[in-house]
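Q: I have a chain in front of me and would like to learn how to read its features. Where do we begin?

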Amino acid sequence: MLPLQIAASAALLIAAQLAHAEDCRIDIEASDMMQYNVKQLSVAASCRSIEVHLKHSGKLPAKVMGHDWVLAKSSDVSAIVNAGMAAGPARGYLPDGDKRIIAATKIVGGGESTTVTFSATALNEGESYSFFCSTPGHATVMRGRFSFGETKQVAQAGK
Ligand code: CU1
């Protein structure tokens, strides 16, 4: 290999590694059956920014079967769900400015999608996190584990 080619491939390699360390995307679906299509999510500890794309694959409108995707420490979920019910539909069933909420999408109805992007600096490796839907009554079923920094990765850079 010529020196220039070596330099070029090294630059490509560095670029690939940088991309790998930065953006991680999760795709999740929610349905008219009041369910997410996954019960567990995990992202690599190298993720800097995490993008969650929620698709409502059903047909029912948001007023009847609206879903969102909310991330919090598992120990905070019950308190957030209760505070969310008090906050009501105008606030998307989430307490305003609640620091315990790490990330949250808006509520969508059938056929709609929504995305939230958040920084992984809010996450600690080994902490127990859960994702859930804040629509009243949904979190009992629509809830799953979210792991940061485990080897079984659902979301990887470039996917
Ligand atoms: Cu829901």
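A: With the largest nonpolar core. This is a predicted model, and the largest nonpolar core in it has 26 residues. Those that touch the most other members are Tyr36, Ile50, Trp69, Leu71, Phe118, Leu123 and Phe146.

Q: Which elements give two or more residues to this core?
A: Strands E1 (23–30), E2 (40–43), E3 (49–56), E6 (113–119), E7 (129–132) and E8 (143–148) do. The most comes from E1, which gives four residues.

Q: What is the general idea behind such a core?
A: In soluble globular proteins, nonpolar side chains tend to be buried together. For the case here, take one core member, Leu123. Beyond its neighbours within four places in sequence, Leu123 is in contact with Ile50, Leu71, Ile102, Phe118, Tyr129, Phe146 and Phe148.

Q: What lies apart from the largest core?
A: Another core, of nine residues, lies apart from it; Ala72, Ile80, Val81 and Ile101 are among its members.

Q: How do I read the order of helices and strands in the chain?
A: Start at the N terminus and follow the elements along: they run α-β-β-β-α-β-α-β-β-β-β. In total the chain has three helices and eight strands.

Q: How many disulfides are there, and how is one recognised?
A: A disulfide is taken to be a pair of cysteine sulfur atoms within 2.5 Å. By that rule the count is one. The partners are Cys24 and Cys47, with their sulfur atoms 2.0 Å apart.

Q: Where in the chain do the two partners sit?
A: Cys24 is in strand E1, while Cys47 is in the loop between E2 and E3. The two are 23 residues apart, and the pair links distant parts of the chain. Both Cys24 and Cys47 are buried.

Q: Is the disulfide of Cys24 and Cys47 left-handed or right-handed, and why?
A: The torsion about the S-S bond is about -100 degrees, so this disulfide is left-handed.

Q: Why does Cys133 count as buried?
A: Buried means under 20% relative accessible area. Cys133 has 0% relative accessibility, and therefore counts as buried.

Q: How much of the chain is buried?
A: Of the 159 residues in the chain, 39% are buried. The accessible surface comes to about 8700 Å², and carbon and sulfur atoms account for 56% of that surface.

Q: What can be said of contacts across the sequence?
A: Consider contacts between residues at least 6 apart in sequence: 76% of these join residues at least 24 apart.

Terms used: Residues numbered from 1 in each chain as written. Predicted model: local features only at pLDDT ≥ 70, side-chain atom pairs only at ≥ 80, totals over all residues. Heavy atoms only, no water. Buried < 20%, exposed > 50% of the residue type's maximum accessible area, 1.4 Å probe, protein only. Contact = heavy atoms within 4.5 Å. Areas by Shrake-Rupley, 256 points an atom, 1.4 Å probe, with all protein chains shown as cover. Core = buried A, V, L, I, M, F, W, Y, C linked by side-chain atoms within 4.5 Å.
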